[in-house]
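Hello,

I'm passing a structure on to you, since you haven't worked with it before. Have a look at it first, and then read on for what turned up.

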Amino acid sequence: MWDELKAHHEAVAGRRIERLFGADEARAETFSLTALDMLFDYSKTNIDAAGLGLLIDLLDKAKVAERRDAMFSGAKINETEGRAVLHTALRNLDGDAVIVDGQDVIPGVHEVLSRMEAFAGDVRSGAYAGQGGKITDVVNIGIGGSDLGPAMGYRALSPYADGPRCHFVSNVDPGDIAEVLRACDPATTLVIVASKTFTTIETMTNARTARAWMGETVSEPAAQFAALSSAVDKTSDFGIDPARVFGFEDWVGGRYSMWGPIGLSLMIAIGPEAFRAFLRGGQAMDRHFRAAEWHENMPALLALVGIWHNQICGHATRAVLPYDNRLGRLPAYLQQLEMESNGKSVGMDGKPLTTDSGPIVWGEPGTNGQHAFYQLIHQGTRVVPAEFLIAAEGHEEELHHQHQLLVANCLAQSEALMKGRTLDEAREKVAAKFEGDELERQAAHRVFPGNRPSTTLAYPKLTPEMLGQIVALYEHRVFVEGTILGINSYDQWGVELGKELATALQPIVEGKEEPAGKDGSTAGLVTFLRKNGT
Ligand code: F6P
């Protein structure tokens, strides 16, 4: 199958995407899909009917449907850790039972959701208050999946945020927490310690710093702490009242966890009702993913386009370009979701992958990126498949004309990437100013090769429900890509080594031990940093 796809790619690699539209009037329709509230347009790629057929065959060969059903039903598909993968259960608001180890997990999910809603309601109303009065600020301390989801969601849904201000502290760099705490009043701040394991060194260090900061002003700092964790014993050791501890099971991976307790800060900000709308959006995408035929299945098609560009065409990176400023943290969120999930070198069977692993994901919102790195996307020597996101409508009715300008920019970029500009056209541009050799030289700089692939995901408006659809869409895309590649998308052993070495280096950095035995580079850096104040 891979060989056939590669041969197909070789056969079509030289053709112009633009010409495909000329050859097939229905191309835009054929190679796009409307599902739920979204339109996914992948017609500005070099995928044709034969290529799509071969890509869809990959889904069957990899038994994606069987594995998808196994995931939803609670089977332990995270085989290296012996765990089920059930973040979908967190948004299963009115679905069927899901059995793990002989027990239906849904009542427990709903019970925690109700407790979260009651607490969020109390914080918002003032029924739960700080020692100086109603909570004005919420500080979520967490890292990776315990930070990126709620931080991304808080920014995305800011028009719906009518509760206390939320802040997110993730980095162990003291500059992160210092900046946030400076803006807060300890007597009216709620600190949420978000850590699935409750052992992550960055989070626990920041949590202790926050507790000390609060203890300088209020008599019972722990009373203004809540915890989100699956290690409930450890939260008690930290002194947090179990009434404010919201637990979840090991079948929720960190980077898939914003739907449950890890989303508490977002729920406090936008209110339980809007948070439920977010869950409903995710649940709608789950239903679509489970029911739709492959050629009408949005997560599957998104994954196949990804496989085509990365594993078949050999484009190593993928740019996520939201023309929606409030999705400014989506690229960072997707970096963890996609790269921690599918950045592996061995398959489920422990054998080396025979294809490349998942792509390098990066991006920034448009139009800002246009004035920064788009130069390389348009004229660099490497091809970067671009993924645009655009809302039909913004939230600022009075600034509708600005939104229209944003839309025009988004559409212009995908058009420019595809069409490019020929040497003749470039000559015409500069003919009035230059002549002879100088005209040729100047024109060459203004050529755009074009034929650069992009996709566009268009949606009506960035509401809580819409965000739920978008996040679940990307989660399922990662699942499909991982399954095709034979990867376990739900472990993350690659983060371990650095953690171990950091622990070993700490006493050396502190000057309690010497860097003897370390490589010359590391020893030299330690010496320089210690000499200069570390
Ligand atoms: O970096 C590894 C990781 O385990 C991520 O997968 C996770 O999201 C993050 O650390 C935070 O973990 P925890 O929620 O246990 O503090």
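Before the sheets, one term: two strands count as paired if DSSP finds at least two bridges between them. Please also keep in mind that this is a predicted model.

Let's begin with the open sheet of five strands. Its order is 8-7-9-10-11, and the pairing is parallel. Strand 8 (165-169) and strand 11 (245-247) form the edges, each pairing on one side only. From one strand to the next, the twist averages 15°. Within this sheet, strand 9 (residues 189-194) and strand 10 (residues 225-229) are joined in the parallel sense by four bridges. If you want a spot to zoom in on, Val-191 stands opposite Phe-225 in strand 10. Helix 9 (residues 201-215) packs on the sheet, where it touches strand 7 (137-141), strand 8, strand 9 and strand 10. The direction of helix 9 makes about 150° with that of strand 7.

There is also an open sheet of six strands, in the order 1-2-15-14-12-13, and here the pairing is mixed. The edge strands are strand 1 (32-35) and strand 13 (360-362), each of which pairs on one side only. The twist in this sheet averages 15° from one strand to the next. Strand 1 and strand 2 (residues 38-41) run antiparallel, with four bridges between them. Thr-34 has Leu-39 in strand 2 as its bridge partner. Helix 16 (residues 400-419) packs on this sheet and touches strand 12 (317-323), strand 14 (386-391) and strand 15 (454-459). Its direction makes about 155° with that of strand 14.

Next, a pair of helices. Helix 12 (residues 272-291) and helix 19 (residues 464-485) pack at an angle of about 40°, and their axes are 7 Å apart. Because of that angle, helix 12 is oblique to helix 19. Their crossing is right-handed. Among the residues that meet there are Phe-275, Phe-278 and Met-285 in helix 12, and Met-466, Leu-467 and Val-471 in helix 19. By class, this contact has 14 nonpolar, five polar and three charged residues.

Finally, what surrounds the ligand? There are 14 residues around it, and the closest are Gly-144, Gly-145, Ser-195, Thr-200 and Gly-254. By class, this shell has two nonpolar, nine polar and three charged residues.

Enjoy exploring it!

Best wishes

How values were computed: Residues numbered from 1 in each chain as written. Predicted model: local features only at pLDDT ≥ 70, side-chain atom pairs only at ≥ 80, totals over all residues. Helix = DSSP H or I, 4+ residues; strand = E, 2+ residues; numbered from the N terminus. Axes fitted to C-alpha atoms, helices over the stretch in contact; angles between N-to-C directions. Contact = placed C-beta atoms within 7 Å. Parallel < 35°, antiparallel > 145°, perpendicular 65-115°, else oblique. Left-handed = near helix turned anticlockwise from the far one by under 90°. Nonpolar A, V, L, I, M, F, W, Y, C, P; charged D, E, K, R; others polar. Near = placed C-beta within 6 Å.
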